[in-house]
Amino acid sequence: SQADPTKAATALVTVTAAPAVAVSVSPASASVQTGATQQFSATVTGAANTAVTWQVNGVNGGNATNGTISAAGLYTAPS
């Protein structure tokens with residue numbers, strides 16, 4: 001086959017910026033006594049996936065030393 005130099009086409013491409021994703025956590029800070037609990041909630045905007053993963057000092061779900069946090073955001077301080 002051969003190319004036909006008399007044929008041409010154009011395409012229009014529009015690039016749009018992705019929406020900004022923001023996460024807010026409430027309360028922003030809390031003081032929790034040993035063995036007590038604190039409920040946290042997260043609101044995700046600008047994304048279809050609004051799931052969050054809770055961490056305590058960088059550990060998913062926390063640990064016995066720093067306390068644990070459930071998938072629903074309930075923090076339990078260590079005893």
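# Exercises on an all-strand predicted model

The secondary structure of the protein comes to 0 helices and 8 strands, and the model from which this is computed is a predicted one.

## Exercise 1. Overall dimensions

Task: Work out how the radius of gyration of the protein stands against that of a compact globule of 79 residues, and set beside it the box and the burial of the chain.

Solution. Begin with the order of elements, which from the N terminus on reads β-β-β-β-β-β-β-β. Next take the radius of gyration: a compact globule of 79 residues would have a value near 12 Å, whereas the protein has 24 Å. The box filled by the C-alpha atoms, taken along the principal axes, is roughly 80 × 25 × 15 Å. Then turn to the surface, where the protein exposes about 6200 Å², with carbon and sulfur atoms supplying 53% of that area, while buried residues make up 13% of the 79 residues. Finally, among the contacts with a separation of 6 or more, 35% are accounted for by residues 24 or more positions apart.

A single residue of the N-terminal segment can be added to this picture. L12 is found in the segment before β1, and it counts as exposed because its relative accessible area of 80% lies over the 50% cut-off. The C-alpha atoms of L12 and G73, which are 61 residues apart along the chain, are separated by 46 Å.

## Exercise 2. The open sheet and its edges

Task: Determine in which order the strands of the open sheet are arranged, and which of them stand at its edges.

Solution. The sheet has 4 strands in the order β2-β8-β7-β6, and the pairing is antiparallel. Because β2 and β6 (62-63) each have a single partner strand, they stand at the edges, and one side of each is left without a neighbour in the sheet. For one of the pairings, look at β7 (residues 67-69) and β8 (residues 74-76), which run antiparallel and are joined by 2 bridges. Within that pairing, I69 has Y75 in β8 as its bridge partner.

## Exercise 3. The nonpolar core and its ring pair

Task: Identify the residues of the largest nonpolar core, follow the contacts of I69, and classify the ring pair by the angle between its planes.

Solution. The largest nonpolar core has 6 residues, namely F40, W54, V56, I69, Y75 and A77. In soluble globular proteins, nonpolar side chains tend to be buried together. Leaving aside neighbours within four places in sequence, I69 is in contact with F40, W54, Q55, V56, G61, L74 and Y75.

The count of aromatic pairs comes to 1. The rings of F40 and W54 have their centres 6.4 Å apart and their planes at 45 degrees, so the pair is tilted. This pair links distant parts of the chain, with F40 in the loop between β2 and β3 (41-45) and W54 in the loop between β3 and β4, 14 residues apart. Both F40 and W54 are buried.

## Exercise 4. Two backbone exceptions

Task: Locate the cis peptide bond between S26 and P27 and the positive phi of N57, and decide whether N57 is buried or exposed.

Solution. The general expectation comes before the particular cases: most residues other than glycine have a negative phi, and most peptide bonds are trans. The peptide bond from S26 to P27 is cis, with omega near -10 degrees, and P27 is found in the loop between β1 (22-26) and β2 (37-39). Phi of N57 is near 50 degrees, a positive value in a residue other than glycine, and N57 lies in the loop between β4 (55-56) and β5 (59-60). With 64% relative accessibility, N57 counts as exposed, because the cut-off for that class is over 50%.

## Exercise 5. Surroundings of A42 and T50

Task: Describe the exposure of A42 and T50, together with their distances to T53 and V23 respectively.

Solution. A42 has its place in strand β3 and is partly exposed, with a relative accessible area of 28%. Not counting residues up to four places away in sequence, A42 touches S24, V25, V52 and W54. A42 and T53, 11 residues apart in sequence, are 9.7 Å apart in space, C-alpha to C-alpha.

T50 lies in the loop between β3 and β4, and at 48% relative accessibility it counts as partly exposed, because this value falls between the 20% and 50% cut-offs. The C-alpha atoms of T50 and V23 are 9.0 Å apart in space, with their positions 27 residues apart in sequence terms, that is, 27 residues apart.

Methods. Residues numbered from 1 in each chain as written. Predicted model: local features only at pLDDT ≥ 70, side-chain atom pairs only at ≥ 80, totals over all residues. Heavy atoms only, no water. Buried < 20%, exposed > 50% of the residue type's maximum accessible area, 1.4 Å probe, protein only. Pairing = 2+ DSSP bridges. Core = buried A, V, L, I, M, F, W, Y, C linked by side-chain atoms within 4.5 Å. Contact = heavy atoms within 4.5 Å. Phe/Tyr/Trp six-rings, centres within 6.5 Å; stacked < 30°, edge-to-face > 60°. Rg over C-alpha atoms; globule rule 2.2 N^0.38 Å. Areas by Shrake-Rupley, 256 points an atom, 1.4 Å probe, with all protein chains shown as cover.
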